[in-house]
Amino acid sequence: MTATTCQGTDADTSTVLIVHEGEERLRWCGSAADWQLVGLWPDAADQRELDACLAEGKPLLILLGSKAVVPLWRSELRIPEALFQEVRADGDLLEVTVPFLEWLPEHLRE
């Protein structure tokens, strides 16, 4: 899971939403040698939850990774290529670039 919550102590009742930016946003499904890329966090429900947390003023911790360029076979991709910042193809081998912070409201990206 890309976003998790962390409850405060008894004295601090705040909840912190923790988001892992980068490759961790990819949602894979499968087993053994049959993995499929089936999603990219956040989906519509996750985005609504995130927006609600931000609107309530809850704290957000974003763990930034390096630029996420992920190799995969075309047969493993089960979501539209348009979801990615960039897609490079060499036959059946793809390299997809996970968009950086596009889920975060623009005024908070600075």
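**Exercise 1. Determine the strand order and the pairing of the open sheet that holds β6, β7 and β8.**

Solution. The open sheet has three strands, ordered β6-β8-β7, and its pairing is antiparallel. Strands here are DSSP runs of E with at least two residues, helices are runs of H or I with at least four, and both are numbered from the N terminus. Two strands pair if DSSP finds at least two bridges between them. The edges are taken by β6 (69-73) and β7 (86-90); each has a single partner strand, so one side of each lacks a neighbour in the sheet. From one strand to the next, the twist averages 20° (axes are lines fitted to C-alpha atoms, and angles run from 0 to 180 degrees between N-to-C directions).

The model is predicted: local features need pLDDT of at least 70 and side-chain atom pairs count only at pLDDT 80 or more, while totals for chains, interfaces and linings use all residues. Residues are numbered from 1 along each chain as its sequence is written, and side-chain values use heavy atoms, with hydrogens and water left out.

**Exercise 2. Count the bridges between β6 and β8, and find the partner of Pro-71.**

Solution. Strand β8 covers residues 93-97 and runs antiparallel to β6, with five bridges joining them. Pro-71 has Glu-95 of β8 as its bridge partner.

**Exercise 3. Describe the surroundings of Glu-86 in β7.**

Solution. Start with accessibility: Glu-86 has a relative value of 30% and therefore counts as partly exposed. The classes are buried under 20% relative accessible area, exposed over 50%, and partly exposed in between (1.4 Å probe, protein chains only). Next, list the contacts, meaning heavy atoms within 4.5 Å. Not counting residues up to four places away in sequence, Glu-86 touches Glu-95, Val-96 and Thr-97. The C-alpha atoms of Glu-86 and Val-98 are 7.6 Å apart, with their positions 12 residues apart along the chain. Last, the side chains of Glu-86 and Arg-88 make a polar contact at 2.9 Å. Such a contact is a pair of N or O atoms within 3.5 Å; within protein, one must be able to donate a hydrogen and the other to accept it, and residues adjacent in sequence count only if both atoms are side-chain atoms.

**Exercise 4. Identify the largest nonpolar core and the strands that supply it.**

Solution. A nonpolar core is a set of buried Ala, Val, Leu, Ile, Met, Phe, Trp, Tyr and Cys residues joined through side-chain atoms within 4.5 Å. The largest one has 12 residues, including Leu-37, Leu-72, Phe-84 and Val-96. At least two of its residues come from each of β4 (34-40), β6 and β8. Beyond four places in sequence, the contacts of Leu-37 include Leu-26, Leu-72, Leu-77, Ile-79 and Phe-84. Another core of seven residues lies apart from the largest one, with Trp-41, Leu-50, Leu-101 and Leu-104 among them.

**Exercise 5. Classify Gln-36 and Gly-39 as buried or exposed, and list their contacts beyond four places in sequence.**

Solution. Gln-36 belongs to β4, as does Gly-39. Gln-36 is buried at 14% relative accessibility, and Gly-39 is buried at 11%. Gln-36 is in contact with Arg-27, Trp-28, Cys-29, Ser-75, Glu-76 and Arg-78. Gly-39 is in contact with Arg-25, Leu-26, Arg-27 and Ile-79.

**Exercise 6. Summarise the fold of the protein chain.**

Solution. The chain has one helix and eight strands, in the sequence pattern β-β-β-β-α-β-β-β-β. Of its 110 residues, 31% count as buried.
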